[in-house]
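Biologist: Before we discuss any details, could you bring up the structure so that we can go through it together?

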Number of protein chains: 2
Amino acid sequence: MSFAAASAVEPAGEGRFTAEVQPGWDIAGKANGGYLIAIAARAASVACERPDPVSVTAHFMSPAEPGPVSIDTEVLKVGRRFATVRATVRDGERPLLALLGSYAGLDSQAGAPAERVDASPPDLPPPERCVKAEPTETWPPPFMGRVDLRLHPDDALLDGRPSGEPRVRGWFRFPDDEALDTLGLLVAVDAFPPTVFNAALPITWTPTLELTSHVRARPQPGWLRCAFTTRFITGGFLEEDGEVWDASGRLVAQSRQLALLGRG
Amino acid sequence: MSFAAASAVEPAGEGRFTAEVQPGWDIAGKANGGYLIAIAARAASVACERPDPVSVTAHFMSPAEPGPVSIDTEVLKVGRRFATVRATVRDGERPLLALLGSYAGLDSQAGAPAERVDASPPDLPPPERCVKAEPTETWPPPFMGRVDLRLHPDDALLDGRPSGEPRVRGWFRFPDDEALDTLGLLVAVDAFPPTVFNAALPITWTPTLELTSHVRARPQPGWLRCAFTTRFITGGFLEEDGEVWDASGRLVAQSRQLALLGRG
């Protein structure tokens, strides 16, 4: 099932939408965070009638399991250029995710010149020389079968060995040549293994509390180059900063998430 | 008037609060963004009965002028450790700001060791050798009289000359020895002149669309060291990343805002 179909939302009146969290988009039975954000972000986009999530923040309250969810949206303001929307994903009465975003149509921005770009896309071996996470019965998680993700060999925890640097770089696309729009970018920024797994620290899980994505432009067709880094692991928290570059070499998204350190 | 008094909120029943946007906290007649966030964040904190805004995102819809505002809060979830809250600041019917945050009590985290810190506080001349923005009748904005802000001389646009680097570093505290809590950090991250004014580009204003702050720890008493940088000015947008360090040399907050390029 394509990303577009798996993240489809159905209007149910008065700002409410329904959706189905699909099996196969999970990690150990819990829906991937970026996938759940995309469902909420799609509902919010439909509600405000603007295609592109320029800035979207999600707070995670409970993990989602496959099955029906509702999304209540509220359009707070529709301006000339931006619309401000919030959304809440619920599984019955239980809130799973809260979203707040500003939406626009980014087409008109595509031609704006880059005034300053202080970094380049990550230097990656070609996709066929990177490490593809192919799902088997036990590993990696089923979600890895829904996206085509190729990890830089240095960051791929080959033989279980961390690089020592909390960094993960790689290629991303949807399988079967599915086009990737700005909602797909919200999946790309949360699809890679946590940077902290490369930090050589006794950290075995790292639940996300909050994730913010900024979308700068609609991506050109083709592979995305992605890089994620962590600079501060303090006070029981860590940030993970992401950059996503499209096939034309343009920065199309930035992300930052705040995650917790899990041990044990 | 102290920050605590200027950002006070009054419960008005059913999750609603009232507050007064005070004169003197403005820039050209519009309330400083971080100050408006602090009002909303304080209401949200009271609503969920947790003191510290661990992650707070605000989207700006309209500038606030001095006068009464209402803040409608909704507590989405109260968990063992985190509470998820949203808030909307309105001036009559007009929405000014939407906030979504996760709150906790950070005291218990204070002792957690820093596992990895990949940067240091910015290297600054002592406060008395930095540039203090003292409000006069015309410049700088009245807001600069409410906070004690000392800019690194290299970043202070002395004689109107930009450094060429979109970076601003400096010291921050409240005047009159007012203690600065985690809500005060939300002001610190939006108190400095925009980084982009140092970029030597024809940009004269840069309205903030969205600002997210992560608060890692309660600050120790004393000056805060702050650093703000911009790496990508593209497609009509720029991000501004902030780091705030307390007097003990600990990272207490990170921030990122998405702003628009204004010309003319």
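Modeller: Let us begin where a strand of one chain meets a strand of the other: strand 9 (residues 116–117) of chain A and strand 15 (residues 232–234) of chain B pair in the antiparallel sense over two bridges. Please keep in mind throughout that this is a predicted model.

Biologist: Which residue of strand 15 of chain B stands opposite V117(A)?

Modeller: The pairing in question is the antiparallel one between strand 9 of chain A and strand 15 of chain B, the latter covering residues 232–234. Within strand 15 of chain B, the residue that stands opposite V117(A) is F232(B).

Biologist: How much confidence does the predictor place in chain A, as an average pLDDT?

Modeller: For the model as a whole, the scores are ipTM 0.95 and pTM 0.96. In chain A, 94% of the residues score at least 70, and the average pLDDT is 93.

Biologist: What is the area buried between chain A and chain B?

Modeller: The size of an interface is often given as the accessible area lost when the parts come together. Here 63 residues of chain A are in contact with 63 residues of chain B, and carbon and sulfur atoms give 56% of the buried area. In chain A, the residues that lose the most area to chain B are R116(A), R216(A) and R256(A), together 14% of what that side buries. The area buried between the two chains is about 5,300 Å².

Biologist: Which strand of chain A gives the most to the side that touches chain B?

Modeller: Across this interface the rule finds 31 residue pairs in polar contact, with both residues at pLDDT 80 or more. The side of chain A that touches chain B divides into 27 nonpolar, 19 polar and 17 charged residues. With seven residues, the strand that gives the most to that side is strand 17 (residues 251–260) of chain A.

Biologist: With which residue of chain A does R231(B) form a salt bridge?

Modeller: Side chains of opposite charge can pair when their charged atoms come close. The count between chain A and chain B is eight salt bridges, out of a count of 34 over all chains. In the case of R231(B), the closest N and O atoms are 2.8 Å apart, and the partner is E243(A).

Biologist: Within chain A, how many residues apart are K30(A) and E65(A)?

Modeller: K30(A) and E65(A) form a salt bridge whose closest N and O atoms are 2.9 Å apart. The pair links distant parts of the chain, since K30(A) lies in strand 4 (residues 30–31) of chain A and E65(A) in the loop between strand 5 (52–60) and strand 6 (67–78) of chain A. Along the chain, the two residues are 35 residues apart.

Biologist: Which residue in the turn between strand 1 and strand 2 of chain A has a positive phi?

Modeller: Strand 1 (residues 9–13) and strand 2 (residues 16–21) of chain A run antiparallel and are joined by four bridges, and the bridge partner of G13(A) in strand 2 is R16(A). The two strands form a hairpin with two residues between them, and the one in the turn with a positive phi, of about 55 degrees, is E14(A).

Biologist: In chain B, how many residues lie between strand 6 and strand 7 in their hairpin?

Modeller: Strand 6 (residues 67–78) of chain B is joined to strand 2 (residues 16–21) of chain B by six antiparallel bridges, with V21(B) standing opposite G67(B). Strand 6 of chain B also pairs in the antiparallel sense with strand 7 (residues 83–91) of chain B over eight bridges, where the bridge partner of I71(B) is V89(B). In the hairpin that strand 6 and strand 7 of chain B form, the number of residues between them is four.

How values were computed
Residues numbered from 1 in each chain as written. Chains lettered and ligands numbered in written order. Heavy atoms only, no water. Contact = heavy atoms within 4.5 Å. Buried area = accessible area lost by both parts, 1.4 Å probe. Salt bridge = Lys/Arg side-chain N within 4 Å of Asp/Glu carboxyl O. Polar contact = N/O pair within 3.5 Å; in protein donor to acceptor, adjacent residues only side chain to side chain. Nonpolar A, V, L, I, M, F, W, Y, C, P; charged D, E, K, R; others polar. Pairing = 2+ DSSP bridges. pLDDT = per-residue confidence, 0-100.
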